[in-house]
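Open the model in your viewer and keep the selection panel at hand. The stops below each give a selection and what is found there.

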Amino acid sequence: MSIPLHIFLILYLLFLIAYFIFAAIILYYLARYGGMTFVSFSMFFLFAGVSVVILFISYSELIVIDWQRSVEIFDFISRPSNYF
């Protein structure tokens with residue numbers, strides 16, 4: 001049984017969409033209800049900076065993968081065994 005590798009990329013993109021939705025909600029609540037202090041802005045920019053670094057690292061790692069390949073799962077079930 002094989003699974004196309006691009007399925008994992010689609011799952012990762014869905015995770016990124018959910019992450020950015022929650023980040024937008026956090027930004028909204030920070031602007032609406034949070035105090036406009038130096039600490040709140042610095043924590044938001046720290047959060048945004050770490051997010052950008054993580055996105056850059058994941059992009060640089062994902063760009064080198066051949067997404068047309070498949071992942072073999074339970075390969076020992078689909079082929080005959082020579083054990084007996």
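Start by selecting L27, which is partly exposed because its relative accessibility is 40%; the class lies between buried (under 20% relative accessible area) and exposed (over 50%), computed with a 1.4 Å probe and protein chains only. L27 lies in helix 1. Helices (H or I, at least four residues) and strands (E, at least two) are DSSP runs, numbered from the N terminus. Now add F44, 17 residues along the chain from L27, and check the C-alpha separation of 7.7 Å.

Before going on, note that this is a predicted model, in which local features need pLDDT of at least 70 and side-chain atom pairs count only at pLDDT 80 or more, while totals for chains, interfaces and linings use all residues. Residues are numbered from 1 along each chain as its sequence is written, and side-chain values use heavy atoms, with hydrogens and water left out.

Next, select helix 1 and helix 2 (residues 38-62), whose axes are 12 Å apart at an angle of about 170°. The axes are lines fitted to C-alpha atoms over the stretch in contact, and angles run from 0 to 180 degrees between N-to-C directions. The two helices are therefore roughly antiparallel, a label for angles over 145 degrees. To see the contact, select L9, Y12, L16, Y19, F20, A23, L27 and L30 of helix 1 with S40, F44, F47, S51, L55, S58 and L62 of helix 2; contact means heavy atoms within 4.5 Å.

Which residues form the nonpolar surface patch? Select I7, F8, I10, L11, L14, I17, I21, F22, I25, Y28, Y29 and Y33, which together have about 1,200 Å² of accessible area. Patch members have over 30% relative accessible area and no salt bridge, and nonpolar side chains (Val, Leu, Ile, Met, Phe, Trp, Tyr) are joined within 5 Å. A salt bridge is a side-chain nitrogen of Lys or Arg within 4 Å of a carboxyl oxygen of Asp or Glu. Areas come from the Shrake-Rupley method with a 1.4 Å probe. Of this patch, pick I25 in helix 1 (residues 6-32); I25 is partly exposed, at 37% relative accessible area.

Move to W67, in the loop between helix 2 and strand 2 (70-72). Leaving out residues up to four places away in sequence, W67 touches L5, H6, L9 and L62. The C-alpha atoms of W67 and P4 are 7.8 Å apart, with their positions 63 residues apart along the chain.

Finally, show the whole chain: three helices and two strands, in the order β-α-α-β-α. Buried residues are 7% of the 84.

Notes
Patch = residues over 30% accessible without salt bridge, like charges linked within 9 Å, V, L, I, M, F, W, Y side chains within 5 Å. Parallel < 35°, antiparallel > 145°, perpendicular 65-115°, else oblique.
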